[in-house]
Amino acid sequence: MKKFRLHALGIFTMALMSLSLFSCNDTDDQNNNQVTSRLMVKMTDAPGDYDEVNIEVLDVMIKGSSDSGDNGWISIGDKTQVGEGKIYDLLKLTGGTNIMLTDSLIPSGHLGQIRLVLGDNNTVVVDGQSFDLTTPSGQQSGLKLDVNQTLTGGTTYEFLLDFDVNKSIVDTGNSKYILKPVIRVSTSEASGVIKGIVSPAVDYQVLASVQQGEQIFSAFVTMDDKDGDATDGDGAFQINGIPSGTYTLTLTPDPTSGKVPITVANVIVANGKTTDVGNITFP
């Protein structure tokens, strides 16, 4: 895959051209904090049934409009965190752990899309054996995520890119795996979080989930690696990007464990807040 590179001059030129895509005013530099917004983009993951899922992140880009063309993108990736050779094991970004991909000041106004640009040094480890993750040609220019949010001057916005590993990796057979990233983008200003701990930590898979209408928000509990099937974990889970409301939390164990699901009723979620349900004990 051809790497996506932007030289410093190119970034500066694109930034100047793209200012017209954002709603700015004529306030002078002394009031600059009123025409820019702070944008933080983090990446996290819900665990999947693999030993490792290693992803190379080349860049984070933004665009003021929602059109599908390739013009108007601005690179804002933190070069200490993204670029060639910046590889992350997604299965370590669980239970509330995340990685900051960028923390930038950008022109205030309409933010249409965020693009996550991945490299081709992606691998999955299954039963101790590493396999290449190939990327479909249609996604080689980067995964475009719709945001469509107006950013207010002087305000901080935190976007979370939540990988769904189980849906993102396709096993085609014959030891061939394809990476088709499924990522949900959420912002703390418009959603909340549920977290908790399954106690004692289990060595079988447990899915924590809530449902709103037909949409399900879920995350796996980090597992105690007694049999080598998953990363070490303390039983923690965190479900991100949940709309405000009152939910029933369901913890569903792997059917082979012989355990029955546990529910926690009346879990209240508020925008910008984390609801901690504490320790939940499996019998």
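1. Two strands count as paired if DSSP finds at least two bridges between them. Keep that rule in mind as you look at this predicted model, starting with strand β1, residues 36-46, and its partner β10. These two strands pair in the parallel sense, and 9 bridges hold the count between them. If you want a place to look, find Asp45, which stands opposite Phe163 in β10.

2. Now stay with β10 and turn to β13. Here the pairing is antiparallel, with 5 bridges. A handy spot to check is Leu161, whose bridge partner in β13 is Val185. So you can follow β10 from β1, its parallel partner, to β13, its antiparallel one.

3. Next comes an open sheet. In what order do its 4 strands lie? Reading across, you meet β16, β15, β18 and β19, with antiparallel pairing. The strands at the edges are β16 and β19 (262-269); each has a single partner strand, so one side of each has no neighbour in the sheet. On average, neighbouring strands here are turned by 25 degrees against each other, with direction ignored.

4. Within that sheet, have a look at β15 (residues 206-212) and β18 (residues 245-253). They run antiparallel and are joined by 4 bridges. Ala208 is a good landmark, as it stands opposite Leu251 in β18.

5. Let's move on to the largest pocket, which has a volume of about 390 Å³. Its lining is made of 18 residues, and those nearest its centre are Asp164, Lys167, Arg184, Ile216 and Ser218. Which elements give two or more residues to this lining? They are β10 (156-164), α2 (165-168), β13 (183-187) and β16 (215-220). You have already met β10 and β13 as an antiparallel pair, and β16 as an edge strand of the open sheet.

6. Which element supplies the largest share of the pocket lining? That is β16, with 6 residues. By residue type, the lining divides into 11 nonpolar, 3 polar and 4 charged.

7. Finally, a friendly word on confidence. The protein averages a pLDDT of 81, and 82% of the residues score at least 70. Over residues 1-33, however, the pLDDT is below 50, and this stretch has 49 contacts in the model beyond near neighbours in sequence. Residues 226-232 also stay under 50, and for them the model has 14 contacts beyond four places in sequence.

Conventions
Residues numbered from 1 in each chain as written. Predicted model: local features only at pLDDT ≥ 70, side-chain atom pairs only at ≥ 80, totals over all residues. Heavy atoms only, no water. pLDDT = per-residue confidence, 0-100. Contact = heavy atoms within 4.5 Å. 1 Å grid on protein atoms, 1.4 Å probe; cavity = no way out; pocket = protein on both sides within 12 Å on 5 of 7 lines; lining within 4 Å. Points joined across faces, edges and corners; volume = space filled by probe spheres on them. Nonpolar A, V, L, I, M, F, W, Y, C, P; charged D, E, K, R; others polar. Axes fitted to C-alpha atoms, helices over the stretch in contact; angles between N-to-C directions.
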